[in-house]
Amino acid sequence: MEKLTLEKVRHAQTVLADVARKTDLIDAYQLECQAQVYLKTENLQATGSFKLRGATYKISQLSDEEKKAGIIACSAGNHAQGVALAASKAGLTCTICMPDGAPISKVEATKALGAVVELVNGTYDDAYEHARHLQQASKATFVHPFDDVDVMAGQGTIALEIFEQLEGVEAVVIPIGGGGLIGGMAYTIKTLYPTIKVYGVQAENAASMANSVAMGHPMRIHTVATFADGIAVKTPGVQTLALVKQHVDAIVTVTEDEIATAILTLMEKQKLVAEGAGATAVAALLFNKLPVAGKRVVAIVSGGNIDVNILSRVITRGLITSGRQHTLEIALEDKPGQLVGVSRAIEQCGANVIRVDYTDSDPNTSVTSCVLKVGIETRGFSQIEAVEETLRAAGFNPTSSSL
């Protein structure tokens with residue numbers, strides 16, 4: 001089996017010079033982190049994701065016979081666009097199998113780049129099995145999204161760019177799905193600078209690589225339940241797992257709420273749109289999952305292809321998780337002036353009322369009482385506590401619930 005080498009990564013950088021953008025490395029001093037964080041903005045890559053790098057380099061290394069057979073691939077969306085663009089530029093036919101739950105924006109973008117898209121019921125792994133079946137029947141050339149040396153070499157070029165852009169890097173934080181990105185980057189980083197820490201981040205509900213590292217061999221998880229579709233992989237690669245075990249210092253997981261908060265924070269503080277997978281590295285830093293206090297750290301924002309319908313829900317979830325939106329439930333005597341008193345207490349604390357709901361049918365309250373639900377917009381949890389204390393001082397009894 002061919003092995004990844006630094007020479008191959010450097011060759012990939014040469015091949016990609018006129019294809020992939022050298023994405024900006026941004027000083028993210030606005031983020032409230034314990035580390036000095038820089039963001040490698042692969043969400044601003046030509047297809048909105050780092051995947052263009054590996055797909056393009058892989059296709060460039062195919063023989064004429066392999067190219068003539070056509071290209072087939074599977075993807076949750078970002079690899080699909082990378083393969084479609086690379087195949088289109090090379091004048092090759094291309095079929096992509098995608099899970100039917102892939103964001104519509106990714107499906108349509110892949111079609112717009114000239115690929116034939118087949119939607120497969122289930123997750124990425126189901127799309128992978130279907131793509132392999134089609135490949136065997138058609139004899140087309142399969143371009144794996146992560147478990148391939150050429151693909152990993154293409155992703156490793158991100159590490160080379162980081163070292164060209166910033167001196168004194170002490171740690172790099174990288175999202176993990178199947179492991180192609182972290183495999184290529186970790187190998188390159190540790191080969192050049194063994195003392196730099198490399199940390200991987202997975203969604204808590206799709207931690208196949210973390211589980212596999214713990215067990216020492218590829219482990220398949222039965223279900224993945226995360227809106228970070230770009231890393232919703234049930235089984236990591238064999239080659240990627242070997243590289244992760246050798247070169248990655250630790251893997252941590254982040255929750256859905258933490259990912260949503262990271263997406264919201266990147267939008268507000270950095271004016272960057274990240275998809276779920278792309279925000280996981282930042283989420284790990286925001287919620288202090290890694291021992292990087294005071295260090296110079298690079299976080300990879302791996303993609304920005306988030307569906308606008310999901311984005312609105314993610315923003316709301318991020319607002320709730322960060323204490324920016326909240327709902328108070330208040331049991332009241334059903335008499336005139338009660339709402340005025342509640343509003344005055346909220347206004348006194350500088351919070352903003354965004355929704356009011358009233359019910360008089362709660363069987364747990366007296367006949368002459370009602371329940372008032374008030375949605376408020378706040379600056380954070382300390383302001384929520386201040387509102388509740390002020391309401392109690394005014395004679396009300398608020399309880400909290402999520403929006």
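## Close-up views of a predicted model

**View 1. Two parallel strands in an open sheet.** In this predicted model, strands β7 (residues 171-175) and β10 (residues 296-301) run in the parallel sense and are paired over 3 bridges. To find the pairing by eye, start at alanine 171, whose bridge partner in β10 is valine 297. Stepping back, both strands belong to an open sheet of 6 strands, ordered β1-β2-β10-β7-β8-β9, and the pairing in this sheet is mixed. At the edges stand β1 (25-27) and β9 (250-254); each has a single partner strand, so one side of each is left without a neighbour in the sheet. From one strand to the next, the twist averages 25°. As a reminder for newcomers, strands of a sheet pair through backbone hydrogen bonds, and they may do so in a parallel or an antiparallel way.

**View 2. Helix α14 and its two sides.** Which residues of helix α14 (residues 338-348) are buried? They are Gln338, Gly341, Val342, Ala345 and Ile346. Looking down the axis of α14, you will find these buried residues within an arc of 130°, so they line one face of the helix. A handy rule helps here: an α-helix has 3.6 residues a turn, so residues three or four places apart point the same way. Turn to the other side of α14 and you meet Arg344, Glu347 and Gln348, which are exposed. The cover over the buried residues of α14 includes strands β11 (325-333), β12 (352-359) and β13 (369-377), together with helix α15 (381-393). After α14 comes glycine 350, with a positive phi near 85°.

**View 3. Two lysines with positive phi.** Most residues other than glycine have a negative phi. Here is lysine 139, with a positive phi near 65°. Lysine 139 sits in the loop between α6 (124-138) and β6 (141-142), and its relative accessibility of 62% makes it count as exposed. Lysine 271 also has a positive phi, near 60°. The place to look for lysine 271 is the loop between α11 and α12 (280-286). With 66% relative accessibility, lysine 271 counts as exposed.

**View 4. The largest pocket.** This pocket has a volume of about 320 Å³. Which helix gives the most to its lining? Helix α11 (residues 256-270) does, with 5 residues. The residues lining the pocket include Thr261, Leu264, Thr265, Glu268 and Lys269. Also among the lining residues are Glu32, Leu286, Phe287, Ser322, Arg324, Arg379 and Gly380.

**View 5. Asparagine 78, a buried residue of helix α4.** Asparagine 78 lies in α4 (residues 78-90). Is asparagine 78 buried or exposed? At 9% relative accessibility it counts as buried, because buried means under 20%. Leaving aside neighbours within four places in sequence, the contacts of asparagine 78 are Ser49, Lys51, Lys106, Glu275 and Asn305.

**View 6. The largest cavity.** How many cavities of 30 Å³ or more does the structure hold? There are 3, and the largest has a volume of about 290 Å³. Its lining is made of 30 residues, of which Phe50, Lys51, Gly177, Gly230 and Ile231 are the closest to the centre. Helices α4 and α8 (180-192) are the elements that give two or more residues to this lining. The largest share, 3 residues, comes from α8.

Notes:
Residues numbered from 1 in each chain as written. Predicted model: local features only at pLDDT ≥ 70, side-chain atom pairs only at ≥ 80, totals over all residues. Heavy atoms only, no water. Pairing = 2+ DSSP bridges. Helix = DSSP H or I, 4+ residues; strand = E, 2+ residues; numbered from the N terminus. Axes fitted to C-alpha atoms, helices over the stretch in contact; angles between N-to-C directions. Buried < 20%, exposed > 50% of the residue type's maximum accessible area, 1.4 Å probe, protein only. Arc of directions from axis to C-beta. Contact = heavy atoms within 4.5 Å. 1 Å grid on protein atoms, 1.4 Å probe; cavity = no way out; pocket = protein on both sides within 12 Å on 5 of 7 lines; lining within 4 Å. Points joined across faces, edges and corners; volume = space filled by probe spheres on them.
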